[in-house]
Amino acid sequence: MIFTLTMNPALDYVVNLKDFKDGQVNRVENENLFCGGKGINVSFILKELGYESCCLGFIADFTGLKLKKQSKRIMA
């Protein structure tokens, strides 16, 4: 078992636009939230390589709950 530590986990918010126009209203086609942080990213790659790992870190509030839910879904 490999343990990874992320001291400052983050949610990466990615939006897709059909077209971007500077200085005008731009409409979002879709949006995605991804778990981020060095330890979390390393654990995802370890899983892809077939290794067992455990993410450690600090979570709180909305961001923490979302990180916990999404990482369980991806790491399972």
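**View A. The largest nonpolar core of this predicted model brings together five residues.** Its members are L11, C35, I40, F44 and L67. If you would like a good place to start looking, try C35, one of the five. Setting aside neighbours within four places in sequence, C35 touches three of its fellow core members, I40, F44 and L67. The other residues in contact with C35 on that basis are A10, D12, N41, Q70 and S71.

**View B. The largest pocket has a volume of about 220 Å³.** Its lining is made of 13 residues, and those closest to the pocket centre are I40, C55, L56, I59 and S71. Two of these names may be familiar from View A: I40 belongs to the largest nonpolar core, and S71 is a contact of C35. Which elements each supply at least two residues of the lining? They are strand β4 and helix α2, the latter spanning residues 61-75. Helix α2 gives the most, with four residues. Sorted by class, the lining holds eight nonpolar residues, alongside three polar and two charged ones.

**View C. S53 and S43 meet through their side chains.** The polar contact between these two serines is 3.3 Å. S53 lies in strand β4, which covers residues 53-57, and β4 is also one of the elements that help to line the largest pocket. Is S53 buried or exposed? Its relative accessibility is 16%, so S53 counts as buried, the cut-off being under 20%.

**View D. D61 has a positive phi without being a glycine.** The phi angle of this aspartate is about 60 degrees. D61 is found in helix α2, the helix that gives the most residues to the lining of the largest pocket. With a relative accessibility of 69%, D61 counts as exposed, because the cut-off for that label is over 50%. When you turn to this view, then, look for an exposed residue, in contrast to the buried S53 of View C.

**View E. D19 sits in the loop between strands β2 and β3.** The strands on either side of this loop cover residues 10-17 for β2 and 28-36 for β3. Is D19 buried, exposed or partly exposed? The relative accessible area of D19 is 47%, so this residue is partly exposed. To place D19 in the wider fold, compare its position with that of F62: the two residues are 43 apart along the chain, and their C-alpha atoms are separated by 31 Å.

Notes:
Residues numbered from 1 in each chain as written. Predicted model: local features only at pLDDT ≥ 70, side-chain atom pairs only at ≥ 80, totals over all residues. Heavy atoms only, no water. Core = buried A, V, L, I, M, F, W, Y, C linked by side-chain atoms within 4.5 Å. Buried < 20%, exposed > 50% of the residue type's maximum accessible area, 1.4 Å probe, protein only. Contact = heavy atoms within 4.5 Å. Polar contact = N/O pair within 3.5 Å; in protein donor to acceptor, adjacent residues only side chain to side chain. 1 Å grid on protein atoms, 1.4 Å probe; cavity = no way out; pocket = protein on both sides within 12 Å on 5 of 7 lines; lining within 4 Å. Points joined across faces, edges and corners; volume = space filled by probe spheres on them. Nonpolar A, V, L, I, M, F, W, Y, C, P; charged D, E, K, R; others polar.
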